[in-house]
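Got the model open in your viewer? Keep the selection box handy and follow along, one stop at a time.

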Amino acid sequence: MKKDLLSESERLAYVTKYLRRTFELWGYREILLPAIEEFSEQLRKGTKFAYNNGFYIIKPDLTSQILANLKEPRKLKLYYISEVLNGGIKGKWQAGVEFIGGKDIKMQVEVLLAVITSLEALGIEDFYIDVGSLKVWEGAIEGIEEFRAEIFRALTRRNFEIIERLPISGEKKEELWQLFNFRGKSCKYKKLNKIIEAVDDERVFIDFGTIRPLPYYSDIIFEVYSPKIGKPLGGGGEYTFKGVSAFGFAFDLDALSKLFDGKIEKSRKRIGGELKEAYRLAKELVKLGIPVEVE
């Protein structure tokens, strides 16, 4: 059966309306990028095609597209809402922010709070955020770097059995096991402790078992979950662009739309009477931010 595209679109539009409002209140500005770019190794995902002896890519990953078009690194607070393709014709709608060139700790705290307030603006309260660190894992595998790929594959799949089969000492396996299963509010890594303390939300945890398998992340990463849905609501992480620190995230809009109940829309002021006067009043109310419906 063919999907009800208009109903799905209406639901996504409702979700993005609240996200836009929240992102802009935090000081992020929307960026609109072209659907098609000339192919570049910098661009991730997207669907490649050839045209007039040239190679192009349709709807690539937005973070990589922003960085590919940013000539000189500078402080920027951007947000986007776009469909992303992954090699085929079916896309995934995303909404996210990128904080580029901000101060360490401050960027991470602000972006995590933008995530929290965005979900709350949608009426989604039942969620949690797991925050991890790539640097902690890089430190843990010192001396066994030849097994790095297998260890990170175990983390990505949440399957410690992959590590268990490696020819490393039992002591090292125990150390990795403790890290693999660590989840709490404080740890030995001071940077993470400062972030968790500043965010100050009972739904945010340090979880070293959380890893996002994207090559450009440099340290802090996180994922957002809800017990009501079986896939992440989104996630993000810290990266460096031309020597400048940055931190960003993306929501999976399909996941958010499944949790959004659509009941937080303000009741509309119903206006009746003579047409000219009704629309004059409607115009004044709209200018004040009051939803209206002329009957």
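The tour goes from the whole chain to a helix pair and then to single residues.

**Before you click.** This is a predicted model, where local features need pLDDT of at least 70, side-chain atom pairs count only at pLDDT 80 or more, and totals for chains, interfaces and linings use all residues. Residues are numbered from 1 along each chain as its sequence is written, and side-chain values use heavy atoms, with hydrogens and water left out.

**The whole protein.** Show everything as a cartoon: you should find 10 helices and 14 strands. These are DSSP runs numbered from the N terminus, with helices being H or I of at least four residues and strands being E of at least two. The C-alpha trace spans about 85 × 55 × 45 Å along its principal axes. Of the 295 residues, 46% are buried (buried is under 20% relative accessible area, exposed is over 50%, and partly exposed is in between, using a 1.4 Å probe and protein chains only). Take contacts between residues at least 6 apart in sequence: 59% of them join residues at least 24 apart. Contact here means heavy atoms within 4.5 Å.

**Colour by domain.** Give 5-126 + 227-264 one colour for domain 1, and 268-294 another for domain 2. The bounds come from an automatic or database domain assignment. Taken over C-alpha atoms, the two domain centres are 35 Å apart.

**Select 106-121 and 190-199.** These are helices α3 and α8, whose axes come within 9 Å and cross at roughly 40 degrees. That angle makes α3 oblique to α8. Angles under 35 degrees count as roughly parallel, over 145 as roughly antiparallel, 65 to 115 as roughly perpendicular, and the rest as oblique. The axes are lines fitted to C-alpha atoms, for helices over the stretch in contact, and angles run from 0 to 180 degrees between N-to-C directions.

Which residues make the contact? Turn on side chains for Gln108, Val109, Leu112, Leu113 and Ile116 of α3, plus Lys191, Ile195, Ala198 and Val199 of α8. By class, that contact has seven nonpolar, one polar and one charged residues (Ala, Val, Leu, Ile, Met, Phe, Trp, Tyr, Cys and Pro count as nonpolar; Asp, Glu, Lys and Arg as charged; the others, Gly among them, as polar).

**Select Thr22.** You're now in helix α1, residues 5-25. Is Thr22 buried or exposed? Thr22 is buried, with a relative accessible area of 7%. Leaving aside neighbours within four places in sequence, Thr22 is in contact with Ala114, Thr117, Ser118 and Ala121.

**Select Gly248.** This one lies in strand β12, residues 244-252, and is buried at 5% relative accessible area. Not counting residues up to four places away in sequence, Gly248 touches Val97, Glu98, Phe222, Gly236, Gly237 and Tyr239. Now try the distance tool on the C-alpha atoms of Gly248 and Lys48: they sit 200 residues apart along the chain and are separated by 25 Å.

**Last stop: two loop residues.** Most residues other than glycine have a negative phi. Select Asp200, in the loop between α8 and β9 (204-207): although not a glycine, Asp200 has a positive phi of about 50 degrees. Asp200 counts as exposed, at 65% relative accessibility. Then jump to Lys242, in the loop between β11 (234-241) and β12. Phi of Lys242 is near 50 degrees, again positive in a residue other than glycine, and Lys242 is exposed, with a relative accessible area of 55%.
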